[in-house]
Amino acid sequence: MRRWMGIPVAAVALTACVTINVYFPAAEAKEAAREFVEKVIGDDAQPAPKPQEKPGGQSAYVPSAERSLASRIDWWSLMGIGTAHAQGQPDITIKTPAIQSIQARMAQRFDGQLKAHFESGALGIANDGTIDVRDAAKIPLPQRVGVNQAVAEQNRDARAVYREIAVANDHPEWEQQIRAVFARQWVDSARPGWWVQDAGGGWRQK
């Protein structure tokens with residue numbers, strides 16, 4: 001009898017462990033970062049992923065929801081354990097007024113004051129996702145103060161939005177992870193000819 005009495009306690013403990021295990025949704029964060037960054041830097045959208053192909057060269061469109069179904073199955077819930085975890089599976093949203101306000105401000109500043117200097121090679125995207133003045137000599141002297149100020153404001157807004165996204169998704173502890181995902185996305189979304197910084201701090205032109 002005593003042997004069976006321990007089972008409910010163990011089940012409760014296991015359920016509690018599963019329920020509080022809130023993982024960082026890296027795939028969702030990457031998609032949110034891509035959407036945000038592409039909106040900021042303009043309409044030159046990156047090519048969409050090619051559809052999967054069947055044998056013989058025929059394209060086979062597989063809905064994203066279907067592709068990710070297997071990874072989202074909660075095997076614990078199939079056994080009746082830890083259903084709260086499945087119901088509380090986290091996502092990433094960037095559709096709050098505060099986030100969209102920062103996004104609009106960054107997009108306007110980028111188009112009006114920064115984009116031309118990326119194209120000239122004066123500015124580059126650092127490996128931490130910030131903007132660096134890579135070659136000040138390529139910025140006309142009368143514009144340098146304004147460009148430096150725009151760079152500082154853009155970097156400040158970027159830091160603010162990472163924090164805002166984490167807070168808006170009820171996980172302020174995700175701020176550093178969100179920052180890292182965005183840092184990679186800024187580099188990935190840089191247009192051909194722009195300068196980006198590699199992990200070792202060296203500059204290269206895309």
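## What lines the largest cavity

Let's start with chemistry: the lining of the largest cavity breaks down into 7 nonpolar residues, 4 polar ones and no charged ones. Keep in mind that this is a predicted model. The space inside the largest cavity comes to about 90 Å³.

Who's around it? The lining is made up of Met-106, Phe-110, Phe-118, Ile-125, Gly-129, Thr-130, Ile-131, Gln-154, Asn-155, Ala-158 and Trp-186. Two elements, α7 (97–120) and α8 (144–168), are the ones that put two or more residues into this lining. The polar group counts Gly among its members, and Gly-129 sits in this lining along with Thr-130, Gln-154 and Asn-155.

## The second largest cavity

How many cavities of 30 Å³ or more are there? The count is 2, and the second largest has a volume of about 30 Å³.

Here the lining is Ala-29, Ala-32, Ile-92, Ile-165, Ile-178, Val-181 and Phe-182. By class that gives 7 nonpolar residues, with no polar and no charged ones.

## Which helices supply it

For the second largest cavity, α2 (26–41) and α9 (175–189) each bring at least two lining residues. Which element gives the most to this lining? That's α9, with 3 residues.

## Side by side

Neither lining holds a charged residue: there are none around the largest cavity and none around the second largest. Polar residues, on the other hand, number 4 in the lining of the largest cavity, while the second largest has no polar residues in its lining.

Notes:
Residues numbered from 1 in each chain as written. Predicted model: local features only at pLDDT ≥ 70, side-chain atom pairs only at ≥ 80, totals over all residues. Heavy atoms only, no water. 1 Å grid on protein atoms, 1.4 Å probe; cavity = no way out; pocket = protein on both sides within 12 Å on 5 of 7 lines; lining within 4 Å. Points joined across faces, edges and corners; volume = space filled by probe spheres on them. Helix = DSSP H or I, 4+ residues; strand = E, 2+ residues; numbered from the N terminus.
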